[in-house]
Every structure is written in structure tokens, then in C-alpha cells.
Amino acid sequence: MERVVALVDMDCFYVQVEQRLNPALKGTPCAVVQYNPWKGGGIIAVSYEARAHGVTRQMRGDDARAKCPQINLVRVPQVRGKADLTKYREGGAEVIEVLSRFSDCVERASVDEAYIDLTVEVETRLAALGGAKVTEASLPNTHVAGHDREKDGKTLSDWLETTFNEATLEMHDRRLAVGAVIAEEMRQAVYEDTGFRCSAGIAHNKMLAKLACGFHKPNKQTILPHSQVPQLFKSLPIRKIRNLGGKMGTLVSEHLRVENMADLLVFSERALQQLLGEKNGSWLYSVCRGFDSEPVSARQLPKSIGCSKNFTGKNCLNTRDKVKFWLSELAKEVEERLIKDKHN
């Protein structure tokens with residue numbers, strides 16, 4: 001639990017990119033559509049204003065207009081007959097550049113997400129603080145899991161008071177508090193330099209930071225102390241944990257007859273190993289207790305580069321010439337992106 005990890009997630013990122021290009025879209029219901037002829041195309045991002053009208057990413061463009069007639073639908077550009085996501089990737093790279101000023105260990109997880117290991121920076125800040133406390137004023141957009149005034153009867157101020165009480169010596173939580181201060185500064189720097197708003201989760205590992213990030217959005221951040229994990233996991237479905245959303249999660253749920261993460265606590269490490277194998281069994285035994293040793297890998301460029309296009313129904317590739325044509329087009333895009341990344 002010595003590490004401090006933040007996950008920064010851009011709020012409705014594709015929408016924000018379009019709003020920066022066209023400021024008239026700001027504050028309006030809008031969605032980004034990856035166009036195809038059927039029912040106005042598939043929605044890939046929805047503004048919070050449109051969400052208030054019931055628009056979701058599962059809808060088609062025409063369905064969104066039926067829900068919200070005033071919605072602005074912005075189409076993803078097309079190059080070579082397929083979606084061109086260049087401006088979104090470049091916007092994400094801008095954000096990574098800002099985050100990298102705060103830590104040498106930034107892992108670009110996707111176009112709009114990054115993990116940042118703040119452990120070294122937190123230790124430096126703690127030393128500089130001496131005996132001083134982190135105050136609520138330095139955490140204006142921060143929440144703490146398990147400290148919602150209406151639901152829990154406790155607040156961020158209560159948590160800080162306990163955390164920095166000399167008698168308690170809650171060093172694990174002190175590190176999270178200082179990490180949250182840095183996260184506030186990171187998010188503000190991202191906004192000032194790019195115009196993009198983002199949310200964050202701060203915890204002792206990547207798994208918990210990812211969970212915490214979704215608790216309060218947009219433009220907010222959440223600290224998830226390890227002491228709150230047991231309560232959280234009582235109602236957290238197994239499929240919400242990365243690597244458990246597919247076949248392995250289904251196997252665990254059906255074979256062990258469990259639904260939430262806390263349900264796994266009754267099983268020994270050996271029992272989980274017998275079901276999933278030694279490595280996966282030990283991993284699950286730790287994860288259901290809130291522990292995850294996966295490191296943040298310093299990686300600012302994507303781990304891999306690829307492109308694809310779906311050909312369904314009447315658009316299927318049913319001749320050799322069509323296959324050769326589209327293999328050539330997709331290869332050209334990969335080549336261009338590899339060259340661009342080489343020079344970045």
C-alpha cells in the first residue's frame with residue numbers, strides 16, 4: 001500500500017475535442033457519431049447535456065435526435081472510407097505531455113486515459129510539508145469514498161482531520177491526501193494548457209484508482225482509501241474488475257456462485273488456484289482484498305498501433321480484389337501512424 005497511483009480520465013473526450021474546434025458547441029447537447037448509413041451512424045461520445053435528455057452511447061444518431069431534437073451530431077471525419085481518429089489521438093497526446101511534467105512514470109492506457117505513479121512525488125511533498133496538514137482548501141474538487149455527508153454522515157474534512165491527527169499516524173492515507181493535491185494540480189494544468197476537463201481516481205494501486213475515478217464525474221476526483229475497500233466490494237459486481245468482465249469472470253461467478261467481489265473472501269487461495277490456475281488464483285485472492293501489484297509502466301506512446309474496419313451484410317468483402325484493396329488501405333494508415341509516432 002506504499003504506492004500512490006492516479007488514473008486521469010478525460011470527460012466525454014471526443015466531445016471536448018469537437019467543442020474546442022467549435023466553441024459554439026460548448027454547453028449544448030451534442031454527440032460524436034462514427035458515421036455509417038444506417039440510422040444516422042453509431043454514437044461514440046455523448047455530452048453531459050445530452051445525457052440529461054436520455055441520450056446514451058448505445059443509441060444511433062437518429063435515436064438520439066428522437067430523444068433530444070436539439071442535439072448537435074458531429075461526425076468523425078473519414079479518410080480512405082473509414083473513420084479518421086487523428087485529431088482525438090493528437091488531443092490525447094497533448095494531455096499526456098502535461099501529465100508528464102508531474103511524474104516520470106506516466107502510462108498511456110488509451111486515447112483518453114492515463115495512469116500516473118505519484119509515489120516519488122508524494123514522498124517529496126510529504127518531506128516538504130513537515131508537520132503541516134493537507135487542508136480542504138487544497139482539494140476543492142475532491143471526494144473521499146465512504147465520506148458522503150448525506151449517505152455516510154462524514155465528510156472530506158472529517159477524513160483529513162483523522163488522517164493528519166498525530167495520534168493516528170495514518171501514513172497510508174496521508175500519502176493519498178498528498179497525491180490528491182498533486183492530482184488537483186495536474187488536472188488544472190491540463191485544463192489551462194489544453195482546455196480539456198478531466199476526472200481522476202487516487203488510490204494505492206491501478207485497480208482501485210480506476211474504480212475511484214468513476215465515482216464522481218465530470219471534473220471531479222475521488223480518493224479511495226484501502227479501509228473503504230471492504231464496504232465497496234460488498235456491492236461491486238465481479239465483472240466491474242478488469243480481466244473479470246469476460247470468460248474468467250463468468251467462470252468464477254457460475255462455478256463459485258458469487259456475484260460481488262466481497263463474496264470471494266470466503267474462498268482460500270488454494271481453492272481459487274484450483275479453479276483458475278496458480279497465477280490467476282493468487283491474483284484473484286489478492287484483488288478481492290483490494291491488493292494489486294501491477295506496476296504503472298512508463299509509456300507515453302501506445303503499446304501497439306493498428307487499424308480496422310468492419311464489413312457486414314451487403315458490404316462484406318466477397319471478392320479477392322476487395323480484400324486486396326482494403327488490406328492496402330489499412331496498411332497505409334498503419335504506416336502513416338508509425339511514421340508520425342517515430343517523429344514525436
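Okay, let's start in the middle of things: strands β10 and β11 run parallel to each other, and their pairing is made of three bridges. If you want one pair of residues to look at, find A200, whose bridge partner in β11 is Q221. Before I go on, remember that what's on the screen is a predicted model.

Now zoom out a little. Those two strands belong to an open sheet of six strands, and the order across it is β7-β8-β1-β10-β11-β9, with mixed pairing. At the edges you have β7 and β9, residues 142-144, each of which pairs on one side only. Going from one strand to the next, the twist averages 20°.

For anyone new to this, strands of a sheet pair through backbone hydrogen bonds, either parallel or antiparallel. We've got both kinds here. On one side of β10 we just saw the parallel pairing with β11, while β1 and β10 pair in the antiparallel sense, over six bridges. In that pairing, M10 has C198 of β10 as its bridge partner. Out towards the edge, β9 and β11, residues 221-223, are parallel again, with three bridges, and there T142 stands opposite Q221.

Something also packs on this sheet. That's helix α8, residues 171-194, and it touches β1, β8, β9, β10 and β11. The direction of α8 makes about 165° with that of β10.

So what about burial in β10: how many of its residues are buried? Six of its six, in fact. In a regular strand the side chains alternate between the two faces of the sheet. With that in mind, look at C198, A200 and I202 on one side of β10, and S199, G201 and A203 on the other: they are all buried, and both faces are covered.

Right, second sheet. This one is an open sheet of three strands, in the order β3-β2-β4, also with mixed pairing. Why is one side of β3 and of β4 left without a neighbour in the sheet? Because β3, residues 42-46, and β4, residues 72-75, stand at the edges, each with a single partner strand. Neighbouring strands here are turned by 35° against each other on average, ignoring direction. Strand β2, residues 30-34, pairs with β4 in the parallel sense over four bridges, and V33 stands opposite R75 of β4. Lying across β2, β3 and β4 is helix α1, residues 13-21, which runs at about 105° to β2.

Next, the empty spaces. The count comes to one cavity of 30 Å³ or more, and its volume is about 50 Å³. Which elements give two or more residues to its lining? They are β1, α4, β7 and β8. Helix α4 gives the most, with four residues. Sorted by class, the lining has seven nonpolar, two polar and three charged residues. Among the names to look for are V8, M10, R108 and D112.

Then there's the second largest pocket, at about 670 Å³. Of the 24 residues lining that pocket, the closest to its centre are D9, R57, D112, E113 and K217. You may recognise D112 and E113, as they are also in the lining of the cavity. The elements that give two or more residues to this pocket are β1, α1, β3, α2 and α9. By class, its lining comes out as 13 nonpolar, two polar and nine charged.

Last bit: some backbone oddities. Most residues other than glycine have a negative phi, and most peptide bonds are trans. Here are the exceptions I'd like you to find.

The peptide bond from K217 to P218 is cis, with omega near 0°. P218 sits in the loop between α9 and β11, and K217 is one of the residues closest to the centre of that second largest pocket.

Then C12, which isn't a glycine but has a positive phi of about 45°. You'll find C12 in the loop between β1 and α1. Is C12 buried or exposed? Its relative accessibility is 12%, so C12 counts as buried.

Finally R257, where phi is near 55°, again positive without being a glycine. R257 is in the loop between α11 and α12. With 79% relative accessibility, R257 counts as exposed, because the cut-off for exposed is over 50%.

That's my tour, thanks!

Technical notes
Residues numbered from 1 in each chain as written. Predicted model: local features only at pLDDT ≥ 70, side-chain atom pairs only at ≥ 80, totals over all residues. Heavy atoms only, no water. 1 Å grid on protein atoms, 1.4 Å probe; cavity = no way out; pocket = protein on both sides within 12 Å on 5 of 7 lines; lining within 4 Å. Points joined across faces, edges and corners; volume = space filled by probe spheres on them. Nonpolar A, V, L, I, M, F, W, Y, C, P; charged D, E, K, R; others polar. Pairing = 2+ DSSP bridges. Axes fitted to C-alpha atoms, helices over the stretch in contact; angles between N-to-C directions. Contact = heavy atoms within 4.5 Å. Buried < 20%, exposed > 50% of the residue type's maximum accessible area, 1.4 Å probe, protein only.
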